[in-house]
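Reader: I would like to go through this model step by step, from the strands to the packing of the side chains. Could you take my questions in turn?

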Amino acid sequence: AEYMGEDSGFHQTAEMKLDAHQAAAASSASLHASFKVLSGSSTGLEVPVVKAVSTFGNPAVSVVAVSHRRYGYYVAHLTGPIPPTLNGLPVSGEAVPLVHQDVLELAGT
């Protein structure tokens, strides 16, 4: 089973940077986020985070879940033998908050 519904085309380590910004609506502001691929076969690709929970990765290597919660975005390691890193630190199964310009490294994606 593919976690993104199709093969992402990534087959080597890729780094992704979170770009989050406020989009002012007429009556309220909402947070929008996207990942920009910094390395690997899809360098420069921007991937919007549009669902409440989005998954990224290769199940045989590493998969993360990025969740949109009331107060922002969070990332957690779901499965795979190689833990992802966030700004150089390992990400566990415990969700950690993401902030603008965070760098998430996901091996094998």
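**Strands, core and loops**

Author: Strand E6 is a good place to begin in this predicted model, since E6 is mostly covered, with 6 of its 8 residues buried.

Reader: How many helices and how many strands are there in the protein?

Author: From the N terminus on, the elements run β-β-β-β-β-β-β-β-β-β. The count for the protein is accordingly 0 helices and 10 strands.

Reader: In what order do the 4 strands of the open sheet lie?

Author: E4, residues 53-58, pairs with E5 in the antiparallel sense over 6 bridges, and E5 pairs with E6, again antiparallel, over 7 bridges. E6 in turn is joined to E9 by 2 bridges, and these two strands also run antiparallel. The order of the open sheet is E4-E5-E6-E9.

Reader: Which are the edge strands of that sheet?

Author: The sheet of 4 strands is open, with antiparallel pairing in the order E4-E5-E6-E9. An edge strand here pairs on one side only, and this description fits E4 and strand E9 (96-97).

Reader: Through how many residues does a hairpin join E5 to E6?

Author: The two strands pair in the antiparallel sense over 7 bridges, and Arg-69 stands opposite Gly-72 in E6. For comparison, the hairpin that joins E4 to E5 runs through 3 residues. The hairpin from E5 to E6 runs through 2 residues.

Reader: Which residue in E5 is the bridge partner of Thr-55?

Author: E4 and E5 are antiparallel partners over 6 bridges, and in one of the facing positions Gly-57 stands opposite Val-63 in E5. For Thr-55, the bridge partner in E5 is Ala-65.

Reader: And which residue in E9 does Val-75 stand opposite?

Author: E6 and E9 run antiparallel and are joined by 2 bridges. Val-75 is also among the residues with the most contacts inside the largest nonpolar core. Opposite Val-75, in E9, stands Val-96.

Reader: How many residues does the largest nonpolar core have?

Author: In soluble globular proteins, nonpolar side chains tend to be buried together. In this model, strands E2 (29-37), E3 (46-49), E5 (62-69), E6 (72-79) and E10 (103-106) each supply at least two residues of the largest core. The residues with the most contacts inside it are Phe-35, Val-49, Phe-56, Val-66, Val-75, Leu-98 and Leu-104, and the core as a whole has 14 residues.

Reader: How is the aromatic pair formed by Phe-35 and Phe-56 classed, and what is the angle between the planes?

Author: The count of aromatic pairs comes to 1. The centres of Phe-35 and Phe-56 are 5.4 Å apart, and the pair is edge-to-face, with an angle between the planes of 75°.

Reader: How many residues apart in sequence are the parts that this pair ties together?

Author: Phe-35 is buried, and so is Phe-56. Phe-35 lies in strand E2 and Phe-56 in strand E4, so the pair ties together parts whose separation in sequence is 21 residues.

Reader: Over the ring of which residue does the charged end of Arg-69 sit?

Author: Arg-69 faces Gly-72 in E6 across the strand pairing. Its charged end lies 4.5 Å from the centre of a ring, and that ring belongs to Tyr-74.

Reader: What distance separates the C-alpha atoms of Val-103 and Phe-35?

Author: Val-103 has its place in strand E10 and is partly exposed, with a relative accessible area of 25%, whereas Phe-35 is buried. The two residues are 68 residues apart along the chain, and their C-alpha atoms are separated by 9.1 Å.

Reader: What is the positive phi of Asn-87, which is not a glycine?

Author: Asn-87 is found in the loop between strand E7 (85-86) and strand E8 (89-90), and this residue is partly exposed, with a relative accessible area of 45%. Its positive phi is about 55°.

Reader: Where is the place of Gln-101?

Author: Gln-101 is not a glycine either, yet has a positive phi of about 75°. With a relative accessible area of 38%, Gln-101 is partly exposed. The place of Gln-101 is the loop between E9 and E10.

Reader: What share of the residues of the protein count as buried?

Author: The accessible surface of the protein comes to about 6,100 Å², and 54% of that surface belongs to carbon and sulfur atoms. Of the 109 residues of the protein, the share that counts as buried is 39%.

Terms used: Residues numbered from 1 in each chain as written. Predicted model: local features only at pLDDT ≥ 70, side-chain atom pairs only at ≥ 80, totals over all residues. Heavy atoms only, no water. Core = buried A, V, L, I, M, F, W, Y, C linked by side-chain atoms within 4.5 Å. Buried < 20%, exposed > 50% of the residue type's maximum accessible area, 1.4 Å probe, protein only. Pairing = 2+ DSSP bridges. Phe/Tyr/Trp six-rings, centres within 6.5 Å; stacked < 30°, edge-to-face > 60°. Lys NZ or Arg CZ within 6 Å of the ring centre and 35° of its normal. Areas by Shrake-Rupley, 256 points an atom, 1.4 Å probe, with all protein chains shown as cover.
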